[in-house]
Amino acid sequence: MSHDSGLTRRRFVVTAATALGPALAPRKAPAATRPIELVHWSWLSASDGEIWRQMIENFNAANKSKGIQIKLELVPADQYETKVLAAAATGRAPDFGWGTAGLGARLAKDGVTVPLDDLAKQGALDFADFTDTSLQAARYPRYGNKLHLIPMDLMSLQPEVNLDHVKEAGLDASKPPEDETTLLEWARAMTKQRDGKVVRSGIMMTGAGLQPTVTWGIVAEQLGFRRASDDLKTAAVNPEAGKKAMQWVLDLFDKHKVSSREVTDRYKAFGTGDGSIFWTGPWTLNGYVTQGLNFATILFPRIGAKRLTYFEMGGLELYVQREKGRYEASLEAVKWLSDNSFLWTTRGRGASPRKSILARPDYKTAGHPWKVRGAFIEGLSFATIGEIPVTAAREFTIYAGGNFLAKTLETVWTGQKPIDTAMQQIQERWQKNLDEG
Amino acid sequence: MTRAGGGRRRRIDWSGYAFVGFFTVPFCLFTILPVLFGGYVGFTEWGILGTPKWVGLANFREAFRDEWVGRAFLNVLLYGLCIVPGVGLLGLVFALFVNQGWPLSALARTCFFAPTVVSAPVIGLVWVWMLDTQFGIVNQSLAMLGIGPVPWLTSTRWSLVGVSLASIWWDLGLPFVLFLAALQEVPGVLYEAAAVDGANRAQQFRFVTLPHLRPTVSLVVTLQVIATMRIFSQVYVMTNGGPAGSSSSVIHYIYTTAIVRQLLGYASAVSILLFGAILLVTLVQRLLIRERGTWLGRAA
């Protein structure tokens, strides 16, 4: 999508963003008048949302005397970016909000998210305490390579296993599946069928939407497929591996018969015992632990040549403001939230990007039990399937249920299109996306 | 709004404009202008920031090539074939039932109208539970009749039917009330005359009731067709258009294109196509039902 330069709204956004560095580098902008209420947008609506709300409440309680408060506003995830863009276009963007590393290239390119390298130093944010991986994931090499996100958590997708089902099937919970063969053995042992139909999925899947898409994405990368080359110039590298992965997902339903297409809500279904192995993220932990589900989390098995899984990094991004003094207050808030993210990364979501938090002796014992959250943290070592950091990142993401990828794959899952046709369409569309920048 | 004054210059009475302005100004600002702007955006490429870039008919050409647009329009047609007759017939049956004035008819009237006042997302969420393949009450009930589980929302074959069921239940209230009001307007003497002439109940309904309901039928069908062409909330909440676009609608496609993908120009072009389709269908309907009354076998 192209935009003319020299246009009123865009001029405002770009000018404000580019002026930010020089304007703030030599001398600090005057601080906004206190008391100040920062507007914070979030799309966290899973069980992690409760913990995040608690974080904000903790901040407000701790900073009341300093005259800085955060007003949390929930925005639906699928509308989030559009609303931020619209708000920025009118000069009324929220002060800061939740972002996912790699998905905000458009916001960075258009100057809606503020580059944070210089600002964060002024705000005394200690970059040395952040892991290199997290800081690297928060940048967009194609668009200036500046830091556009303060990392808050690192997440990997790992299988949660219902331990009641494991016991019932006579499996040894201490020896979880490590590869494709054992994974399918476990899945078969825990699957329940009635009249030839799967009524309890050994591997939790849905007939459409996100779950088969992300499964395909992980398996495809394990088999050697790449959505984009490292230089971001070639799309769908090794398409044959992508096709094999499509067949692998189809086989779960039709050949191995360990998954049902008829699950409507995967989260609910796993919680009610209608699925045995469910690969998902740490945002589910709080909900399942609270409801008393007997489960453990294991590492994603190796299905292809290399063990890999999906990686997601959540963080806070600052949006362009008319009143520059607000950045200081926003950074103060973000710093506090980052410094005090122990709760967030032990109960809310995945691993901490802060070395000091990871090094705390109670990091493994605090929060939810290690048997349910440990794999999410230990599995980060092979969680390398992140986002493609281009403006059309949302078309590439495997963690989606309604983007072009998911919709095209759905035609395969439902038998409407042959695998070859779907792969060709994906390749063409992605190549066009990469070519457009 | 002028006043002639015995050879003097005509004077404009601004108070009239002021009264009209209370409606006209907001209407122009919040309806006419956005519609015109939307029409303009349909010929541009625009992603919220910056100024729309003129691309002529490119968006329309793309829309005609886009398989998902075609599928969405086809789905809307299928929704229409499910929902419009469903709502019309059930609304009429319920109205006839309540019109009998049997005991508890007031309660029945409330029950039949109640779903209309519930918001669409709530309806959607309730029906997602009811239509769940494994533990939904609908499939549990069917199981008692020996019918196997139907994947109402998870298969390409049934998802559209599942959403239609919820829509019929939700949309029933207004047609029901309209039919009830129309039934109560039919003069009782006509039934008496028909009875004297030897007409049975079915003939009375065919030759007395139905002709009197013709304007209401026309209204209900027109309103329902338009409502169905704009179907969104139920789709969004119940299936999000899936699986594989089998339950998507044009508005749902416009929503995902504009709000999720931020292709506002393309979404506007599809909106213009939808507007054209609604206009065409409405005109055809008027021609068939209101002007000629063809399907009722009557000349106007």
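Colleague: Starting in chain A, which residue of β10(A) is the bridge partner of Q158(A)?

Modeller: The bridge partner of Q158(A) in β10(A) is T280(A), and I should say at once that this is a predicted model. Next to that pair, P159(A) stands opposite W279(A), again in β10(A).

Colleague: And in which sense do β5(A) and β10(A) pair, parallel or antiparallel?

Modeller: β5(A) and strand β10 of chain A, which covers residues 275–280, pair in the antiparallel sense over 4 bridges. β5(A) also pairs with strand β11 of chain A, residues 295–297, in the antiparallel sense over 3 bridges, and there N162(A) stands opposite F295(A).

Colleague: What holds strands like these to each other, in general?

Modeller: Strands of a sheet pair through backbone hydrogen bonds, and they can do so either parallel or antiparallel.

Colleague: Is β5(A) buried or exposed?

Modeller: Strand β5 of chain A, residues 158–162, has 5 of its 5 residues buried, so it is largely enclosed by the rest of the structure.

Colleague: What is the strand order of the whole sheet?

Modeller: The sheet is an open one of 5 strands in chain A, with the order β6-β7-β10-β5-β11 and mixed pairing. Its edge strands are β6 (192–194) and β11 of chain A, each of which pairs on one side only, and the twist from one strand to the next averages 25°.

Colleague: Which helices lie on it?

Modeller: Helix α8 of chain A, residues 180–190, lies across β7 (197–203) and β10 of chain A and runs at about 140° to β7(A). α16(A) also packs on the sheet, where it touches β5 and β11 of chain A and makes an angle of about 20° with the direction of β11(A).

Colleague: Switching to domains, how is chain A divided?

Modeller: The domain assignment gives domain 1 as 8–156 + 312–381 and domain 2 as 158–310 + 387–436. The centres of these two domains of chain A, taken over C-alpha atoms, are separated by 29 Å, and their contact takes 30 residues from domain 1 and 27 residues from domain 2.

Colleague: Which elements supply the domain 1 side of that contact?

Modeller: On the side of domain 1 of chain A that touches domain 2 of chain A, two or more residues each come from α2 (48–62), α4 (105–109), β4 (150–156), α14 (342–348) and α16 (370–378) of chain A. α16(A) gives the most to this side, with 7 residues. By class, the same side of domain 1 of chain A has 11 nonpolar, 8 polar and 11 charged residues.

Colleague: I was also looking at S341(A); where is its place, and is it buried or exposed?

Modeller: S341(A) sits in the loop between α13 (325–339) and α14 of chain A, and it is buried, with 20 other C-beta atoms within 10 Å. Leaving aside neighbours within four places in sequence, S341(A) is in contact with M152(A), S352(A), R354(A) and I357(A). R307(A), by comparison, is 34 residues away from S341(A) in sequence and 29 Å away in space, C-alpha to C-alpha.

Colleague: On to chain B, how many helices and strands has it, and why is it described as spread out?

Modeller: Chain B has 13 helices and 4 strands. The radius of gyration of chain B is 24 Å, well over the 19 Å that the globule rule gives for 300 residues, so chain B is more spread out than a compact globule. Its C-alpha trace spans about 70 × 65 × 35 Å along the principal axes, and 36% of the 300 residues of chain B count as buried.

Colleague: What does the domain assignment of chain B give, and how far apart are the centres?

Modeller: The assignment for chain B gives domain 1 (2–59) and domain 2 (65–296), with C-alpha centres 34 Å apart. In the contact, 12 residues of domain 1 of chain B meet 8 residues of domain 2 of chain B. On the domain 1 side, α1 (14–41) and β3 (44–47) of chain B each supply at least two residues, and β3(B) gives the most, with 4 residues.

Colleague: Last one: how many residues does each chain give to the contact between chain B and chain A?

Modeller: That contact takes 25 residues from chain B and 30 residues from chain A. On the chain B side, β3, β4 (49–54) and α12 (250–260) each supply at least two residues, and the largest share, 4 residues, comes from β4(B). By class, this side of chain B has 9 nonpolar, 13 polar and 3 charged residues.

Terms used. Residues are numbered from 1 along each chain as its sequence is written. Chains are lettered from A and ligands numbered from 1 in the order in which they are written. This is a predicted model: local features need pLDDT of at least 70, side-chain atom pairs count only at pLDDT 80 or more; totals for chains, interfaces and linings use all residues. Domain bounds come from an automatic or database domain assignment. Two residues are in contact if their C-beta atoms, placed from the backbone, lie within 7 Å. Ala, Val, Leu, Ile, Met, Phe, Trp, Tyr, Cys and Pro count as nonpolar, Asp, Glu, Lys and Arg as charged, and the others, Gly among them, as polar. The radius of gyration is taken over C-alpha atoms; the globule rule is 2.2 Å times the number of residues to the power 0.38. A residue is buried if 20 or more other C-beta atoms lie within 10 Å of its own, exposed if 12 or fewer, and partly exposed in between; C-beta atoms are placed from the backbone. Two strands pair if DSSP finds at least two bridges between them. Axes are lines fitted to C-alpha atoms, for helices over the stretch in contact, and angles run from 0 to 180 degrees between N-to-C directions.
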